[in-house]
Amino acid sequence: MEKVYIFDTTLRDAEQVPGCQLNTVEKIEVARQLEKLGVDVIEAGFPVSSPGDFKSVVEISRAVTRPTICALTRAVKRDIEVAAEALKHARRGRIHTGIGTSPYHIREKLKSTPEEVIRRAVEAVKYARQFVDDVEFYAEDAGRTGEEFLARVVEAVIKAGATVVNIPDTTGYCLPDEYGAKIAYLMHHVPNVDRVILSTHCHNDLGMATANTLAAVRNGARQVEVTINGLGERAGNTALEEVVMAIACHKNLAYELGINTRELSRTSRLVSTLMRVPVQPNKAIVGRNAFAHSSGIHQDGVLKSRETYEIIDPGEVGVDESSIILTARSGRAALKHHLKALGYLPGKQELDILYRKFLELADKKKDVTTRDLEVLVGDEASRGDRYIHLEALQVTCGATTIPTATVRVRQGEESATATAHGNGPIDAAFNAIKSITGRQIHLEEYLVQAITRGSDDLGKVHVQVSHGGRAYYGFAANVDTVSASVEAFLDAVTKITLNDARHEHAL
Ligand code: KIV
Ligand code: ZN
């Protein structure tokens, strides 16, 4: 099997996106998780761009030992010197230098000529080789660079000492067959191409990044530049998890990857949390719905045999199990599955009655919860009322006020009240609930959506929290977004108490 190297650029291409900035401690946490995941190269930053980036490359080089640590530069001597300095502590350091090669870049951005660009490319690679043995060259906007000129550039940088040559589709312009053909052209026309690794670096402006990356691999590229959750400049970069699982699922693509796929979900959550970018629910591999089945036909199939509607075993990517969502489209099989999980095994007739009741409820409620099922089977008395209800909520906030929330909740016969401060009214209310439960609960994801439009519209809130190493989801809708947020948080907290061995003492 031929090895395909995984080059992760979450800490450079994704981190440069406004809003995704991380501090050095957070970057080290991500880098350690990437090492655990098994990536071959971590692009840790662009050291000349800021003292913070410089420091992060230094600290990541110290903290992470197995993967190669890579630092980005332009084809500028000063950039290369600063990158070399930042990489001093890396066990294996790589300088990633390059220059634009497309007519747009040569004429408009660089105001230069093709010959001058080749000269600068060669000079940069030779200079970088004076500091490190491993030098990667990128031909920026290679996606829109003519094949003949690109081949000349690649030939020249190989001669100058590059070890890896990156062919970025910087603007996400290419189609898969085009990008694959570009790599094939280089593989067949560039002398000594076998001395280097050709690398892909695809952007997702047309939603083609993963397809383009795979097309390039099938045509000879042996390094893929990717990011976690596909984050990156504009529409993002190729998602690591997608390429890895596409190769893992298709056994005919017999490439060796060093990735521990069971760490994919954890890595995705960590990056999403630290970069404060929620993962879209339907995101391939790592989205909340990637292993959730909601149509009755699919649920029935999955319950008979998982493979009917799933190509990946969720455990393989670190997800506990597939979920069968109870909605008005669910069938008897799904209802029975959930009832069984609650320890309730109805006979056929009883199931029919429960199913009818369930459909009535699902039509009104959209999302039917475990608690609803308990009520449905009349199990209320024996189980006690474990649902935590919001009884009262009062918040104070404003430009000159410390955000404060007072929350009163009820669980069965017991009620409790707490007041807390926070970064805003919602944070304050969450803190008050946390103090009532006395549990370690971390908010991982928070998403508000307006259902239709207008300021009096229903706000739909999803939260994801973690507790005891497990993820829990909460959902609520309310015209008042703060109330919806608190109710969603309580929904997740209720699930924690239901799953917790100590749930009887939640309050
Ligand atoms: O998209 C791009 O071309 C890049 C290079 C700097 C590699 O990010
Ligand atoms: Zn890029």
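**Reading cavities and a buried charge**

Q: Which element supplies the largest share of the lining of the largest cavity?
A: That's α6, with four residues. Keep in mind that we're looking at a predicted model. Along with α6 (114-129), α4 (77-86) gives at least two residues to this lining.

Q: How do I find where empty space is left?
A: You roll a probe the size of a water molecule over the atoms, and that shows where empty space is left. In this structure, two cavities of 30 Å³ or more turn up, and the largest has a volume of about 50 Å³.

Q: Which residues line the largest cavity?
A: Look for A75, V76, K77, I80, R120, E123, A124 and Y127. Sorted by character, this lining has five nonpolar residues, three charged ones and no polar ones.

Q: And what about the second largest cavity, how much space lies in it?
A: About 40 Å³. Its lining is made up of T369, T370, R371, Y387, D491, T494, K495 and L498. Two elements, α15 (370-376) and α18 (481-499), give two or more residues each, and α18 gives the most, with four. By character, the lining of the second largest cavity splits into two nonpolar, three polar and three charged residues.

Q: Let's turn to E35: where is it, and is it buried or exposed?
A: You'll find E35 in helix α2 (residues 24-37), and it's buried. To check for a salt bridge, look for a Lys or Arg side-chain nitrogen within 4 Å of a carboxyl oxygen. E35 has no salt bridge, and the nearest side chain of opposite charge, R66, is 5.1 Å away.

Q: What is E35 in contact with, leaving aside neighbours within four places in sequence?
A: V64, T65, R66 and P67.

Key:
Residues numbered from 1 in each chain as written. Chains lettered and ligands numbered in written order. Predicted model: local features only at pLDDT ≥ 70, side-chain atom pairs only at ≥ 80, totals over all residues. Heavy atoms only, no water. Buried < 20%, exposed > 50% of the residue type's maximum accessible area, 1.4 Å probe, protein only. Lys, Arg positive; Asp, Glu negative; His and termini not counted. Contact = heavy atoms within 4.5 Å. 1 Å grid on protein atoms, 1.4 Å probe; cavity = no way out; pocket = protein on both sides within 12 Å on 5 of 7 lines; lining within 4 Å. Points joined across faces, edges and corners; volume = space filled by probe spheres on them. Nonpolar A, V, L, I, M, F, W, Y, C, P; charged D, E, K, R; others polar.
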